[in-house]
Protein chains: 2
Amino acid sequence: MTSTTDLATDPIAARARVRELMRETVRRSCPTVAHIAGYHAGWLDATGLPRAEPGGKALRPTLALLATRAVGADEGLGVVAGAAVELVHDFSLLHDDVIDEDAERRHRPSAWTVFGKPASILTGDALLAAAVEVIATSAAPGAAESVRLLLSSVHRLVSGEYLDVEFETREVVTPAEYLRMASAKTAALITTAVTLGPTLAQSPPTFVTALEGFGRHLGLAFQITDDVLGIWGDPRLTGKPILGDIKRRKRSFPVVTAMDAGTPDAAWLRRLYRSPAVITDELAEEAAEVIVRTGARERAEAEGRRHVSAAVELLGRLGPGNEAAKKLAELAQTVTNRER
Amino acid sequence: MTSTTDLATDPIAARARVRELMRETVRRSCPTVAHIAGYHAGWLDATGLPRAEPGGKALRPTLALLATRAVGADEGLGVVAGAAVELVHDFSLLHDDVIDEDAERRHRPSAWTVFGKPASILTGDALLAAAVEVIATSAAPGAAESVRLLLSSVHRLVSGEYLDVEFETREVVTPAEYLRMASAKTAALITTAVTLGPTLAQSPPTFVTALEGFGRHLGLAFQITDDVLGIWGDPRLTGKPILGDIKRRKRSFPVVTAMDAGTPDAAWLRRLYRSPAVITDELAEEAAEVIVRTGARERAEAEGRRHVSAAVELLGRLGPGNEAAKKLAELAQTVTNRER
């Protein structure tokens, strides 16, 4: 578990190590799991042949590697943490795509459209087991506590996804309720991404607490930005259908904020979501404009920036001149400034 | 974790402790999980109110409790092991029922028919996490190794369920292929049920190895008996539709054995499974008679008894005069002599 690469100068090599550990772990499961998980992650095509890697965001592994370095722990523990959180992320995406019947993921047909829902459910199950396995077999000093940390983020993920599913059946979701959902569905795993390596290393509690706050704020900023991109993002960059969130009547942050505005525009939007009719391209475009008019887009963007600032401020507690913390801060800034 | 009940004289109290630990663990997840898991396990009704418990088989917890006692370990560890394997069992049933679209489970509408497929998928995920949690928070000497043992049985379960799903698309499944599937899908978790408590207690490897063999044979006997009941069992006792396995063209052990007989009856059965037409009650009854005529029912029952004998023989290695081992042997005998 000795560090051989320098993450600050060579982040790509470190992420490659995360990916290698994920592959190794997944290969120990059955061949079908290895195939479907590899397709979903992007290193295999639908027939099981290797493909050029897409160079996805790999946000969670990058966060895990940087946070581990920021507390001065061994990079090998960052690799373990990165692989574990990315496996949990992949498990939850596989199941969420089945649940939401999303046909596209990472610019490709989602796994269930290629392999069927049963296979996607089972592969998700295996990836959840594999994620815990990566931690449990790591021989790190804080392995036992880290297993508990990872599992508690799984419970949070599940409860967030429940709320998300439940929101789709409700007429009104308040912005506060939305933020509770997002903090379970998205922020919990991002928080675990930055605390798992330090927990494996048994870093001082003050560091872990600072990173916990950093992760929570960053996770909320990330989800809110995702929601903004889900309406106004460029589909060629996001890989998601244009105005897709509105057409699916998703109660995302800009939508619930607009509905909460108490204006005729807000009432119009509520009526649109309540009506049983299909939301056409034209109606969806009109809805996007209505949301802008209520000030909800601006408010969402401001809320995203506010959470990024709060996240970055907490990094100061990791000590002055901390190069990895500086990189975490840079990464946090890109979360609200991204286009995909 | 001190033992306060005597399992040999009070098995019901010990199983109640398993159930209590399951409830406690599930309650720490979100309320929706606690509700759906409670409905699935049988201690809540569909509206979330408590109901008189059904007194189900609880085979895996009983095995866990007896095996732990048979190696002389603390009963508290048997309770932990029993709760963990039953939570894994419940997780896999929830997902399997979604995958197979089975509408009935434990004599009641299965969870997905009441709460929807998304809720059943998510509750299964939470129960898998909860199962590992029970072990990871147990403070038992062998907790770390036990987490790995439990996870490896999850991988086996998943690979067995894959094969089972895949078998439904195939024309020919050999009896040997079937037994490989059953040993992953059923025997793996039953093996873990009897080795988990001893592993938590760090019992001598000779004991663990003997119980491993016992579990493997018992698991195969159990699955083969289940398959026999899936065709010839009384639906009022099994809670499964009459001749349901044949109507669903399930390639269960009696079926694949009959198809392997190389007689005109075998050819007839293969044609029936190949044809796209619905299998009526009359056809299903005829198929059941055809299977008997090939000798496959008899062979399945003999195979079940053979595995029970092999299982019981291995218990000798736990030492003479072992009361709990004697009870394990009795339980093994009932597995092939049961009606539900």
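A:Asp96 and A:Lys185 form a salt bridge in this predicted model, with the closest N and O atoms 3.9 Å apart. A salt bridge here is a side-chain nitrogen of Lys or Arg within 4 Å of a carboxyl oxygen of Asp or Glu. The pair joins distant parts of the chain: A:Asp96 belongs to helix 4 of chain A, A:Lys185 to helix 8 (residues 175-200) of chain A, and their positions lie 89 residues apart in the numbering. Helices (H or I, at least four residues) and strands (E, at least two) are DSSP runs, numbered from the N terminus. A:Asp96 is buried, at 10% relative accessibility. Buried means under 20% relative accessible area, exposed over 50%, and partly exposed in between (1.4 Å probe, protein chains only). A:Asp96 and A:Lys185 are also members of a network of salt bridges, together with A:Glu161, A:Asp164, A:Glu168 and A:Lys250.

Residues are numbered from 1 along each chain as its sequence is written, and chains are lettered from A, with ligands numbered from 1, in the order in which they are written. In this predicted model, local features need pLDDT of at least 70 and side-chain atom pairs count only at pLDDT 80 or more, whereas totals for chains, interfaces and linings use all residues; side-chain values use heavy atoms, with hydrogens and water left out.

Over all chains, the structure holds 42 salt bridges. Side chains of opposite charge can pair when their charged atoms come close. One of these pairs is A:Glu301 with A:Arg297, whose closest N and O atoms are 3.1 Å apart. Both residues lie in helix 15 (residues 296-314) of chain A. They are four residues apart, about one turn of the helix. A:Glu301 is partly exposed, at 31% relative accessibility. A:Arg297 is partly exposed too, at 27%.

In chain B, B:Asp281 pairs with B:Lys247, the closest N and O atoms being 2.7 Å apart. B:Asp281 lies in helix 14 (residues 281-293) of chain B and B:Lys247 in helix 11 (residues 244-247) of chain B, so the salt bridge ties together parts 34 residues apart in sequence. Relative accessibility is 41% for B:Asp281, which counts as partly exposed. B:Lys247 counts as partly exposed at 29%.

The interface of chain A and chain B was examined next. The rule finds zero salt bridges across it. It does find twelve residue pairs in polar contact, both residues at pLDDT 80 or more. A polar contact is a pair of N or O atoms within 3.5 Å; within protein, one must be able to donate a hydrogen and the other to accept it, and residues adjacent in sequence count only if both atoms are side-chain atoms. Helix 2 (31-41), helix 4 (75-100), helix 6 (117-136) and helix 7 (143-167) of chain A each supply at least two residues of the side that touches chain B. Helix 6 gives the most, with 13 residues. The residues on this side of chain A divide into 21 nonpolar, eight polar and four charged. In this grouping, Ala, Val, Leu, Ile, Met, Phe, Trp, Tyr, Cys and Pro are nonpolar, Asp, Glu, Lys and Arg are charged, and the others, Gly among them, are polar.

In total, 33 residues of chain A contact 33 residues of chain B (heavy atoms within 4.5 Å). The two chains bury about 2800 Å² between them, 78% of it on carbon and sulfur atoms. Buried area is the accessible area (1.4 Å probe) that two parts lose on being put together, summed over both. In chain A, the residues that lose the most area to chain B are A:Leu122, A:His155 and A:Tyr162, together 26% of what that side buries.

B:Ile99, in helix 4 (residues 75-100) of chain B, has contacts in both chains. Leaving out residues up to four places away in sequence, B:Ile99 touches A:Pro118, A:Ile121, A:Leu122, B:Glu161 and B:Val165. B:Ile99 is buried, with a relative accessible area of 13%.

Two residues of chain B have a positive phi although neither is a glycine. B:His107 has a phi of about 65°. B:His107 sits in the loop between strand 1 (104-105) and strand 2 (108-109) of chain B and is partly exposed, with a relative accessible area of 44%. For B:Arg249 the phi is about 55°. B:Arg249 is in the loop between helix 11 and helix 12 (253-259) of chain B and is buried, at 16% relative accessible area.
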